[in-house]
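Me: I would like to go through this model term by term, asking what lies behind each label. Please set each value beside its cut-off before you conclude.

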Amino acid sequence: MSDTGQAEQVGGLSVAVTSTDGIRVLAPAGEIDHHTGDQLRRALDVTGTARPRIVIDMSQVTFMDSSGINILIAAYSTVTEAGGWLRMAACTDSVQRVLQLVGIDDIIECHPTLPAALTP
């Protein structure tokens, strides 16, 4: 079961938020950088959520700089402290290279497809 959410466009980034079987699915599209990162940060906010489960579908992210890396690290820390998990799916080649260079792919589970990331 899934329900659709809203996509908000800020600068060169939009983030669609949906839910599938109790898992929050974020689908950012565009560039994640200093100017657009706050929108992703807000979508990753788990304040008041017990054991949050989040998948970020990265298939439409065309660019991500260190701001995006910092947002992912902070979100991972917050989500795991709340007893939940954070996963990424379908990273584009350019984003995957950035994740590998800084070692984020060793910390946050990265799955080749969205269905794989949604599997318990």
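Reply: We can begin with the cysteines: the sulfur of Cys-91 has its closest cysteine sulfur in Cys-110, 4.8 Å away, which is too far for a bond. The model is a predicted one, in which local features need pLDDT of at least 70 and side-chain atom pairs count only at pLDDT 80 or more, whereas totals for chains, interfaces and linings use all residues. Residues are numbered from 1 along each chain as its sequence is written, and side-chain values use heavy atoms, with hydrogens and water left out.

Me: Why is the pair Cys-110 and Cys-91 not called a disulfide?

Reply: A disulfide is a pair of cysteine sulfur atoms within 2.5 Å. The sulfur of Cys-110 is 4.8 Å from that of Cys-91, the closest cysteine sulfur, and therefore too far for a bond. The structure holds zero disulfides.

Me: What makes Cys-91 buried, and what is Cys-110 called?

Reply: Buried means under 20% relative accessible area, exposed means over 50%, and partly exposed is in between (1.4 Å probe, protein chains only). Cys-91 has 17% relative accessibility, so this residue counts as buried, while Cys-110, at 26%, counts as partly exposed.

Me: How do you know that Arg-41 and Asp-38 meet in a salt bridge?

Reply: The term requires a side-chain nitrogen of Lys or Arg within 4 Å of a carboxyl oxygen of Asp or Glu. For Arg-41 and Asp-38 the N to O distance is 2.3 Å, and the side chains thus meet in a salt bridge. The two residues are three apart in helix α1, so about one helical turn separates them; helices here are DSSP runs (H or I, at least four residues), strands are runs of E with at least two, and both are numbered from the N terminus. Arg-41 is partly exposed at 43% relative accessibility, and Asp-38 is partly exposed at 43%.

Me: How many salt bridges does the structure hold, and what does the one between Arg-87 and Glu-109 tie together?

Reply: The structure holds two salt bridges. In the one formed by Arg-87 and Glu-109, the closest N and O atoms are 3.6 Å apart. Because Arg-87 lies in strand β7 and Glu-109 in strand β8 (residues 109-111), the pair ties together parts that are 22 residues apart in sequence. Arg-87 is buried, with a relative accessible area of 9%, whereas Glu-109 is partly exposed, with 41%.

Me: What makes Arg-87 a charge over the face of Trp-85?

Reply: A charge sits over a ring if NZ of Lys or CZ of Arg is within 6 Å of the ring centre and within 35 degrees of the ring normal. Arg-87 lies over the face of Trp-85, at 3.7 Å from the ring centre.

Me: Which residues touch the most other members of the largest nonpolar core?

Reply: A nonpolar core is a set of buried Ala, Val, Leu, Ile, Met, Phe, Trp, Tyr and Cys residues joined through side-chain atoms within 4.5 Å. The largest such core has 25 residues, of which Leu-44, Ile-56, Met-58, Met-88 and Leu-99 touch the most other members. Its largest share, five residues, comes from α2. A second, separate core of five residues includes Ile-23, Val-25, Val-55 and Ala-89.
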